[in-house]
Amino acid sequence: MFKNHLKIAWRSLKKQPFFTFLNTFGLAIGIAGGLLISLYIYDELSYDKMFADADRIHRIHADIKFGGEDRNFAVTPAPMAETVQNDFSEVELAMRFRTQGSMLLRKADTEANIKELQTTFVDSTFFKMFGLDLLAGDIKTALKSPNTLILTKSAAQKHFNINDAVGQTLVLDNDDSYTVTGVIDDFPQNSFLRDHTVFMAMSGYEDSRIVNWGSNNYQTYIKIIPTANVEDIQEPLRGFLGKYVVPGVQQFMPGITEEQFKAAGNHLIYSTMPMTDIHLRSDRVAEISRNNDLQSIYILSFIAIFLLVLACVNFMNLSTAHSLKRAKEVGIRKTLGSNRGELIRQFLVESGLVSLASLVLAVILAIILLPLFNDLADKNISIPYTNPIFWLILLASGVVLGLLSGGYPAFFMSKFIPVKVLKGTSSNSIGGGKVRNALVIFQFAISVFLIISTLVVYQQLDYIQNKDLGFSKDQVLIVNDVFSLDNKATSFKEEVKNLSYVKNATLSSFFPTPSSRSDTTFAPEEGLTDQENALSLQRWGVDFDYVSTMDFEIIAGRDFNRDFKNDSTSIIVNESAVSIIGVSPEEAIGKRYAPLGSENPEFFTIIGVVKDFHFSPFRAEIESLSLHLSDRAYALAVKLESENFSNAIAGIEGIWNQIAPGQPFDYYFMEDSFNDTYQSEQRLGRIFFIFTTLSILIACLGLFGLAAFNAEKRTKEIGIRKVMGASVGQISYRLSIDFLKLVGFAILVSLPLGWYAMNKWLEDFSYRIEIGVWVFILAAFLAVAISIITVSYQSINAAIANPIKCLRTE
C-alpha cells in the first residue's frame with residue numbers, strides 16, 4: 001500500500017511543478033537557515049565542555065561596592081585558591097591564572113622577538129584541574145620550578161621544533177629567561193583558553209605569594225569533589241569578608257570592622273559560577289577571554305524557530321489553497337471506496353516527499369553557505385559529516401517537519417464531502433479561507449517583527465558609531481610594545497612627532513579603547529581611613545601630551561604642564577569622579593587625595609577635570625577615572641594629520657626599525673579597536689539582516705503562490721468583469737486588496753510586539769537610542785511594498801488575460 005501511495009504522490013507532485021517548487025524551495029530555505037543557526041547555537045553551548053570533569057569546575061567571582069563604584073569582578077585576591085582548598089572539604093583542587101596579555105619572546109641566542117598575543121601565569125595544578133596531557137615534557141615536573149613555562153603546539157612550532165622545544169631557553173620581554181618544560185596541544189576555539197599560547201609557572205611570580213586580600217588580580221578556579229554540592233560553600237564564601245578580608249586590610253585601614261564596612265554602604269560578596277556557564281552568562285571585569293551573552297542565543301533560537309514555522313506555514317497555506325484542484329480527486333476516491341485514513345496517509349506521503357526533497361536541498365544550501373555564515377558569525381563551524389547522531393537528528397527533524405506542515409492539509413482535504421465537491425457547489429468554501437488568512441497574517445507579522453528588530457539594531461549601532469565619545473578615535477595609530485625600546489621610547493616618540501603627517505603623539509599603557517586597566521581607592525586628605533568618602537578611581541599613567549592627543553575636553557582647571565614641577569603629584573579626573581566627590585568641577589580643583597589607608601601617604605592634587613569620555617562599552621556607565629604622569633608605557637598613540645595611512649605607517653615603521661632592529665613592529669588603529677568592542681552587536685545586526693531577508697523571501701513565496709491560485713480560482717469572475725468594462729487597474733486592485741488587508745492586520749499585530757522586544761534588548765545599554773515612530777512607519781511601508789510587488793505580478797497577468805478563453809464554455 002505504501003508503494004502505491006508513493007507512486008501516486010510522485011505523479012501528483014510531477015503534475016504541478018510550480019506548486020512543488022514553491023513548497024520545496026520555501027521549506028528548504030527554512031531548514032537551511034534553521035540548520036546553520038542550530039550549528040552556531042550548539043557551538044556556543046559547547047564552550048569548555050571538552051575538559052575532563054568540566055561539570056565539577058567552577059570559577060570564584062567577587063562583587064564589590066566600595067569607593068562609590070559597584071563592580072563585578074572575574075578575579076579574586078592571590079590567597080583565595082589556597083584558602084578555599086584549606087577551608088572547604090568540598091574542594092578537591094584549586095588553581096589560579098594571572099593573565100599578562102601579549103609578550104615578546106625570543107631565543108636566548110637571538111635578538112629578534114616574536115610576539116605571543118596571550119600569555120598567563122598558572123599554578124602547577126593547571127594540568128590536573130583541566131585534565132591536560134603534554135605532547136612533550138614531564139607532566140610531574142612541568143611548571144613546578146620558577147622561570148619555567150610550557151608552550152602550545154603552534155607556539156612551539158614558531159620558536160622551535162616541537163620535539164626539540166623542551167629544555168630550550170626563551171627570553172620574555174627582553175628581560176627574564178624562562179626554560180621550556182613542556183608542550184601541550186592547541187586549545188579548541190570553543191575554549192576560554194583558545195587564544196593563550198604561553199603558560200608560565202606561578203611559583204616564579206612574586207606577587208602570587210603575597211597574602212593581600214585587598215587586591216583582585218587572579219582568576220581562581222576550583223574543582224569540587226564528585227559527591228559535593230557547590231551551593232554548600234556559597235554562604236561560607238560570603239563569610240570571607242569578616243574572616244580574611246577585613247583582618248587583611250587592617251594594616252592599611254586600622255580599626256576597620258565588617259560592621260563599619262557594611263554600614264558605609266559597601267559590600268564584598270564572593271560566589272562561584274560553573275565554568276561551562278561563563279561563556280554565555282558572565283560579563284565581568286577582567287574576563288580571561290571575550291564572552292558572548294545568553295540573550296543572543298535566545299534571539300537566534302527564536303529566529304531559527306521563526307524560519308521553520310514560516311516555512312511550515314507556507315506549506316500549509318499553499319496546500320490548502322491548492323485543495324480546489326484536488327477536490328474532485330478526493331471526491332472520486334471516496335466514491336470508489338477510499339476511507340479518510342487512506343486519504344490522510346496519501347497526503348502525508350506527499351508532504352513527506354516534499355519534506356525529504358527540501359531536507360536534501362537544505363543540506364546542500366547549508367554546505368554552500370557555511371563559509372559565508374562563518375564569516376558572518378566570526379566562527380569556524382563545520383558540519384559533522386561523520387557523526388551519525390547529527391544525521392539521525394536531521395532526518396527526524398525532516399520527518400517531524402513533514403508531519404507538522406503536511407498534517408493540517410491532509411486532515412483538511414480528507415474532510416471533503418464527495419457529493420458537494422463532485423457537483424462543484426462548494427468551490428468557494430473549499431479553500432479554508434479563514435485559516436489560510438490567519439496563516440498569512442502570522443507569516444507577515446513575523447517578517448515585520450524581524451524588520452523592526454533589524455532597523456533598531458542598526459540604529460543602535462549607528463548611534464554607537466556616531467555618538468560623541470568625548471575623545472577622538474579617528475586617525476589615531478597605536479604602536480605596541482614600546483617598552484622593548486628601553487630608554488629610547490621618548491626618543492622614538494619625538495622622532496615620530498617630527499614627521500610631517502603626524503599631529504601629535506603620546507606614550508601610555510592606557511587608552512579609551514580596550515587596553516590595560518588599573519584602579520586604586522583614594523581617601524581625602526582630611527580622612528585617610530574614611531570609608532564613606534573613599535573614592536575608587538581608574539588610575540591611568542600618561543604623559544604630558546596625552547590629553548591633547550586624545551582630544552579630551554577640559555571643563556575645569558588645566559592640563560599637565562612641563563613648567564609645573566609639582567605635576568608629578570597631580571591628577572586630572574573626569575566628571576564621574578567629581579560627581580562621587582559631590583562638588584562642582586571648579587570646586588574639585590585643589591582637593592588632595594592619597595591611597596586609602598596609606599602609612600606614608602603620597603598626596604595627589606586635582607589640577608583639572610575632563611569631560612566624561614567613553615572608555616567602556618555602551619552597556620556600562622562611565623566609571624570614575626584619574627590621569628597621572630608616568631614614564632611607564634606599553635604603547636605610543638599617534639594622531640595623524642592626513643589620511644595617507646600607508647605612508648604614515650611606513651615612515652613610523654622606518655623610525656622603529658632604526659631604533660629597534662629585529663623587534664616586531666605591531667600596530668592597530670584606535671577606530672578598529674573601538675569597532676571590535678561591539679563585534680557581538682555588529683554580528684547580531686548582520687544576522688538579523690540576513691535572516692530577516694530569508695523570512696521575507698519565504699513569506700513572499702507563499703504570497704506569490706496564493707496570489708496565483710487566487711487568480712486561477714477567480715478566472716471566470718475576472719473574465720465577466722472585463723466583459724462588463726472593468727479596467728486592468730480595477731481588476732488588479734480587486735485581486736490585491738484582500739492580501740493587503742491581511743498584511744495590514746499583520747502590521748498591527750507586529751508593531752507592539754516589536755516595540756516591546758527591542759526595548760527589552762536596549763535595556764542592556766546604559767547609553768541607547770529611543771525607538772522613533774519612523775522605525776514602525778518604515779517597517780510597515782516595506783511590508784506593504786514587498787507584498788504589492790509580490791502580488792501585483794499575478795494580479796496584472798490575470799487582469800490582462802483574454803476573457804474569451806475563460807468564458808467560451810459558458
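Colleague: Which residues of helix H16 (residues 489-497) are buried?
Modeller: Keep in mind that this is a predicted model. Buried here means under 20% relative accessible area. In H16 the buried residues are Ala489, Phe492, Lys493 and Val496.

Colleague: Why do those buried residues sit on the same side of H16?
Modeller: An α-helix has 3.6 residues a turn, so residues three or four places apart point the same way. The buried residues of H16 are on the same side because of the arc they cover around the axis, only 100 degrees.

Colleague: And what covers the buried residues of H16?
Modeller: There are strands and a helix to look at. The cover includes helix H20 (645-659). It also includes strand E12 (476-479), strand E13 (502-508) and strand E21 (635-640).

Colleague: Over to helix H3 (residues 80-87): which residues there are exposed, on the other side from the buried ones?
Modeller: Start with the buried residues of H3, which are Met80, Ala81, Thr83 and Val84. They cover an arc of only 165 degrees around the axis, so they lie on the same side of H3. On the other side, the exposed residues are Glu82 and Asn86.

Colleague: What covers the buried residues of H3?
Modeller: Among the elements are strand E1 (57-66), strand E3 (91-107), strand E10 (219-224) and strand E11 (267-274). Helices take part as well, including helix H6 (234-238) and helix H7 (240-249).

Colleague: Now the largest nonpolar core: which helix gives the largest share of it?
Modeller: That core has 112 residues, and Ile303, Trp540, Phe552 and Leu627 touch the most other members. The largest share, 14 residues, comes from helix H15 (residues 433-466).

Colleague: How many residues are in the other core, the one lying apart?
Modeller: Its members include Val91, Val245, Phe261 and Ala534. This core lies apart from the largest one, and its size is 31 residues.

Colleague: What is Leu627 in contact with, leaving aside neighbours within four places in sequence?
Modeller: Contact means heavy atoms within 4.5 Å. On that basis the partners of Leu627 include Ser570, Ile571 and Ile572. The others on the list are Trp540, Val542, Tyr546, Val547, Phe552 and Phe560.

Colleague: Which helix gives the most to the lining of the second largest pocket?
Modeller: This pocket has a volume of about 1,000 Å³. Of the 40 lining residues, the closest to its centre are Leu39, Tyr40, Tyr42, Asp43 and Ile381. Helices H2 (17-45), H12 (340-377), H13 (388-414) and H22 (679-713) each supply at least two residues. With nine residues, the one that gives the most is H2.

Technical notes:
Residues numbered from 1 in each chain as written. Predicted model: local features only at pLDDT ≥ 70, side-chain atom pairs only at ≥ 80, totals over all residues. Heavy atoms only, no water. Core = buried A, V, L, I, M, F, W, Y, C linked by side-chain atoms within 4.5 Å. Buried < 20%, exposed > 50% of the residue type's maximum accessible area, 1.4 Å probe, protein only. Helix = DSSP H or I, 4+ residues; strand = E, 2+ residues; numbered from the N terminus. Arc of directions from axis to C-beta. 1 Å grid on protein atoms, 1.4 Å probe; cavity = no way out; pocket = protein on both sides within 12 Å on 5 of 7 lines; lining within 4 Å. Points joined across faces, edges and corners; volume = space filled by probe spheres on them.
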